[in-house]
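Me: I'm new to this structure and would like a close look at just one part of it. Could you pick one helix and walk me through its surroundings?

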Amino acid sequence: MTNVNPAIEARGLGKRYGHRWALADCTLAIPAGHVAGLVGPNGAGKTTLISLATGMLAPTTGAIEVLGGPPASGPGQLARVGYVAQDTPTYAGLSVADHLRLGAHLNPGWDAGLARRRIEQLSLDPKQKAGRLSGGQRAQLALTLALAKRPELLILDEPIASLDPVARREFLQVLMHVTAEQELSVVMSSHLVADLERVADYLVVLVASRVRIDGEVDDLLATHHLLTGPRRAAATLPASQQVITDSHAGRQSTFLVRSSEPVIDPAWAVEPVSLEDLVLAYMGHESGSLQDQRLEVHQ
Amino acid sequence: MIWLTWRQFRPQAIAAAGAIAVVAIVLATTRQGLAASYTAAGLSACHGHCATDASLFLDRVGNLDHVLFFGSVLLLVAAPALIGLFWGAPLIAREIEAGTHRIAWNQSVTRTRWTLVKLGLIGLAAIATAALLSLMVTWWASPIDAASLAGGAAQAAAAGGNGAHVTFSGFAEARLDPVIFDARGVAPLGDAAIAFALGVTAGVLLRRMLSAMAVTLLAFVAIQVLMPNFVRPHLLPPAHFTAPMNIQHQQISTNAGSGLSTIQLAGSFNKPGAWVLSDTVITPSGAQSPDVVVTPAGPELTVLPKACLPTPGFGINGAECTSALSALHLRQSVSYQPASRFWPLQWIETGIYLVLAAGLGWVCVWQVRRRRTP
């Protein structure tokens, strides 16, 4: 990546609707060159953050920069960011070919060859009206439109939330393929960790309109540990071990801790934590058990 | 951006082109008869005082042509409203409703440009459509308009006695008549521009296509009522005409039931094609005479001088009555826009609408720029 600016950088970013803060005090820097997952329960502020990043919303407080520039500040800035909005909107009355023509007319950096190849690979009929495409095909068309403008950053807002499992897998495969092919940073939101687990190497967990944790996936996994051992209070753990969740059953205690140092206490059985468990732990309340949270999220 | 605007507008453009073609065919095929009848009445060869020929021609205008005359007026009032409803209101509201603005606003084109191109191109199409319709209708109706202007309508009214025929034909006031005015010349262009701009603005502000259409219709109707009734009469200072009432041919009539006698008065105002704003009978002090009531047939004096009241056995002394009436010094006072003001009024009104439309366009751009919808 030649770009030294973060893909998305926010400082004290907040967005208020009436009395409700959809996003509050959000400070983060998603580095460029990553596929970043933005995960959190519904209503956590994912769409708000993405809308702020694409300039569809203006912040109430703080500031946000995308690739070092204010979002949607001009044709140049717009050209650098591809956006696949929630529910992947397309012009129902326009054909697939019309959408490609639209992209060609509105984007100076349009890659017609790429667009055509993608439509062929997807075996979409160029004459087909977008309104008659399946949800998966529509999402693919929206992705093609965003990719063929050759952006430096691709932002996707729950692009696969409404797709069936097959279409979902196809979409993610295409996404992984093109991000490897093009030099492209990706920020993608989802309320399902499983979707992101396969593609993301950077993670932002957004809960109740605040960023709970963010970082590279490898780092996150390396610094979180699941400890099981004789029952004890969370407060008795060393200061270097930040307790994310604790659960107690009978004489046993289980802790999910964040610690940059390895845990060497022989009293503990130390296990690595899966990305899904980690995210669920951060999504859950301080006192909630992992198991309950998992059920809640899966429902 | 131009391509996308055109591509999205294509269905509406095709519908409009079809409608214009139908109107053109109907008007072109029926005008021949109208022109022939105009020539037959001797009007094409007439110079100077043509009122008689004109009234002859207007009397011969057939039923179909009457329907077309008023149908074309209706068309030119309805066309801008339809443009506002079906071109203006959906232009941006439909994008926001369908969520496609999220595509449009994330291509490498700023929202300002996106809005300006849409507004500019479709706005021009709206104005061009209105221009085409106005041109066709003005051409079609030119024999009738010319005959009305030549005084034919006024004469036909006089011949028709109580004017019932003229009220039906509506030819009396010619092009300056509030109903006809918006269907001639450049006025339809301004109407189309303001209706379109109202539609787009309502769509941008309300973000719902149907409510935007409803508001557009209401606003446009309000404008069409306010303009001819309260604004247009004052766009240019009205001309005034005052002259003594004509009392030479008084006709005293007595209501059998009430026993009240009235005298029919006649004014001498005769300016073909003028738009009469007010027509009153005034006393020497300049105040409106309280003894005069205006009936469909004209002003009537209800409180008669003594000399004009019939005395049993003697009748009326005509000379004494006339001098008694003269002593009242009743005058006709008319405030009007002369026929020659047609084009100045047309240009002023169209100019006002175009400026207002441009202002609304600015509101649209400003709103789209600051509109932040996820």
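Reply: Let's start at Ser123(A), which sits just after H4(A) and takes a positive phi of about 45 degrees. Keep in mind that this is a predicted model. The helix before that serine, H4, spans residues 112–121 of chain A.

So which residues of H4(A) are buried? They are Ala115(A), Arg118(A) and Ile119(A). These buried residues cover an arc of only 95 degrees around the axis, which puts them on the same side of H4(A). There's a general rule behind that kind of pattern: an α-helix has 3.6 residues a turn, so residues three or four places apart point the same way. Flip to the other side of H4(A), and you'll find Gly113(A), Glu120(A) and Gln121(A), which are exposed.

And what covers the buried residues of H4(A)? The cover includes H3 and helix H5 (135–148) of chain A.

H3 is worth following a bit further, since it also turns up where the two chains meet. H3 (96–106) is among the elements that give two or more residues to the side of chain A that touches chain B, along with helix H1 (46–53) and helix H2 (75–80) of chain A. H3(A) gives the most to that side, with 5 residues. Across the whole contact, 27 residues of chain A are in contact with 17 residues of chain B. The chain A residues on that side divide into 16 nonpolar, 7 polar and 4 charged.

How values were computed. Residues are numbered from 1 along each chain as its sequence is written. Chains are lettered from A and ligands numbered from 1 in the order in which they are written. This is a predicted model: local features need pLDDT of at least 70, side-chain atom pairs count only at pLDDT 80 or more; totals for chains, interfaces and linings use all residues. Two residues are in contact if their C-beta atoms, placed from the backbone, lie within 7 Å. Helices (H or I, at least four residues) and strands (E, at least two) are DSSP runs, numbered from the N terminus. Ala, Val, Leu, Ile, Met, Phe, Trp, Tyr, Cys and Pro count as nonpolar, Asp, Glu, Lys and Arg as charged, and the others, Gly among them, as polar. A residue is buried if 20 or more other C-beta atoms lie within 10 Å of its own, exposed if 12 or fewer, and partly exposed in between; C-beta atoms are placed from the backbone. The arc is that of the directions from the helix axis to the C-beta atoms.
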